[in-house]
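Work through the following exercises with the structure open beside you. Each one sets a task and then solves it step by step.

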Amino acid sequence: MRYLSNTVSLRFDAGGCTGCGSCLEVCPHNVFARQGQRVALAARDNCMECGACALNCPTGAIQVKAGVGCAYAIIRGILTGSEPSCDCSPPAGPTASPCC
Amino acid sequence: MQPLDLPKAPARRQDAATCCGASSAPLSSRHPDDALPPPWVVGEQQTPLGQVPRISTVLTRADWLGAIRSRISAFRMAYRVSAGLYAVGSPGANAEVFVSANYKLSFDELRRHLAGLDAWVLVLDTRGINVWCAAGKGTFGTEELVRRVQATGLAGLVSHRRLILPQLAAPGVKAREVKARTGFIAQFGPVRAADIPAYLAAGCRKTPAMATVHFPWRDRLVLTPMEILPAMKLFPLYGLAVLLVFGLQPQGILFAAAWSGGWPFLLLGAATIGAGAFLAPMLLPLLPFRSFAVKGWLAGLATAVATGTLLGERLTPHPALSVVVYLLYPLLASYITLQFTGSTTFTHMSGVKKELRYALPVYLGGAALSALLLGTFKLAEWGIWSS
């Protein structure tokens, strides 16, 4: 299953890639593929913007705007003027009340 | 007995305060010394650092029951285990260390797939949230992992320097930083705990299949209760509104009119929730188009057509109502299905934002037009204005 094409915020700078393969290890959707000594963007539309590759890329060759893909959170973000977050869970401690 | 871990309370105090500023809120109702060990603790492992609880790799009826409850209610919010170190089997200094979240469903999934192994399990405090979501929020993150490795004194317990993390922890864990700060190599293992035995047998190497996330119907099915139930919570309110609309007559509110006009719409409302929250998620790969709003709209339209065919004029006694049935209800289903993007394994924020940019005006416009048509129907019904 794939989501909307040509929409993800994933940016890959092939020139900055050292071929370490960190992105290959962490990507759950096979967005990258090994190509010789380096890595290439193989299926950009498979990306779900989880951010694992960008966080673990040692050279900053990968950039992605990671975030929650939850419609309700995004609507709430629009209404409150903040970034979408799914922080609906109560904090530690069973008696504390939920934040939002 | 509590899992091996030293400075727990101060850390929790900080956690609780960062979210709500409720510094006076109790940290936890459980005190380390007065709690009985949970039933899945089956013994103790003696280590140079002290006793470590040994955990069972067999899930009991209570564990499965807890899993079901956490799939259908807010029970999951409090379904957590204590963070710290646990033992599976009789692990020694060479045993692998598996890292997990303190959401009990995540913890249970890991331990049941470690059957027959000798291993350590390091549970992070992810505030009771599963691995992937917690990683996205950063609570299953570099900071917590480093802190937990140091707090447990893991370096004095194992002779190797390897941590095996679920692959889906990667959005929160920067492996290089963990290595730099603790000396431990954070290795991202398979996505699914079920693949751990094969992963170990292959010398801690993943096949592409082990590293890939899918979204089979079973995974979608277990998520649908939490789509259906929140929607159904609004159903009484919806029902009341429907009965009011149909009951409102020039003579006052008539119960007979409310019921005879209203019940087809109660049925359609329930069917629409079913379409958006169950049918569309289950048929996700079969429904055409990639947009969830469109998939949901198609499921809702099919449901409205089926209901309309079944009930005929009982549902649509007036042309204005026909338009409402085929305009408003598919849009409602579309909105409900769009909510499912938050539960899938492949949608992304940029896409959902894009969908909402197009869909929200359509939803609002459709709702406004439907309200207008409903007014037209009522006026015609009362004989004030006939179309």
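A salt bridge here is a side-chain nitrogen of Lys or Arg within 4 Å of a carboxyl oxygen of Asp or Glu. The model is a predicted one, in which local features need pLDDT of at least 70 and side-chain atom pairs count only at pLDDT 80 or more, while totals for chains, interfaces and linings use all residues. Residues are numbered from 1 along each chain as its sequence is written, chains are lettered from A and ligands numbered from 1 in the order in which they are written, and side-chain values use heavy atoms, with hydrogens and water left out.

**Exercise 1. Find how many salt bridges the structure holds over all chains, and place the one that Lys104(B) forms.**

Step one is the total, and the structure holds twelve salt bridges over all chains. Step two is the partner: Lys104(B) pairs with Asp108(B), and their closest N and O atoms are 2.8 Å apart. Step three is the location, for both residues lie in helix α3 of chain B (residues 104-112), four residues apart, about one turn of the helix; helices (H or I, at least four residues) and strands (E, at least two) are DSSP runs, numbered from the N terminus.

**Exercise 2. Describe the interface of chain B and chain A, beginning with the residues that each chain gives to the contact.**

Counting contact as heavy atoms within 4.5 Å, we find 52 residues from chain B and 49 residues from chain A. Next comes the buried area, that is, the accessible area (1.4 Å probe) that two parts lose on being put together, summed over both; the two chains bury about 4,400 Å² between them, 63% of it on carbon and sulfur atoms. On the side of chain B, Arg290(B), His348(B) and Met349(B) lose the most area to chain A, together 18% of what that side buries. Across this interface the rule finds zero salt bridges. Among the elements of chain B on the side that touches chain A, α14(B) gives the most, with nine residues.

**Exercise 3. Which strands pair with β1 of chain B and with β2 of chain A?**

Two strands pair if DSSP finds at least two bridges between them. In chain B, β1 (residues 41-47) pairs with β2 (residues 50-55) in the antiparallel sense over six bridges, and the two form a hairpin with two residues between them. Within this pairing, Gln46(B) stands opposite Gln51(B). In chain A, β2 (residues 32-35) pairs with β3 (residues 38-41), also antiparallel, over four bridges, and Gln35(A) stands opposite Arg38(A). The hairpin of β2(A) and β3(A) has two residues between the strands, and Gly36(A) takes a positive phi near 65° in this hairpin.
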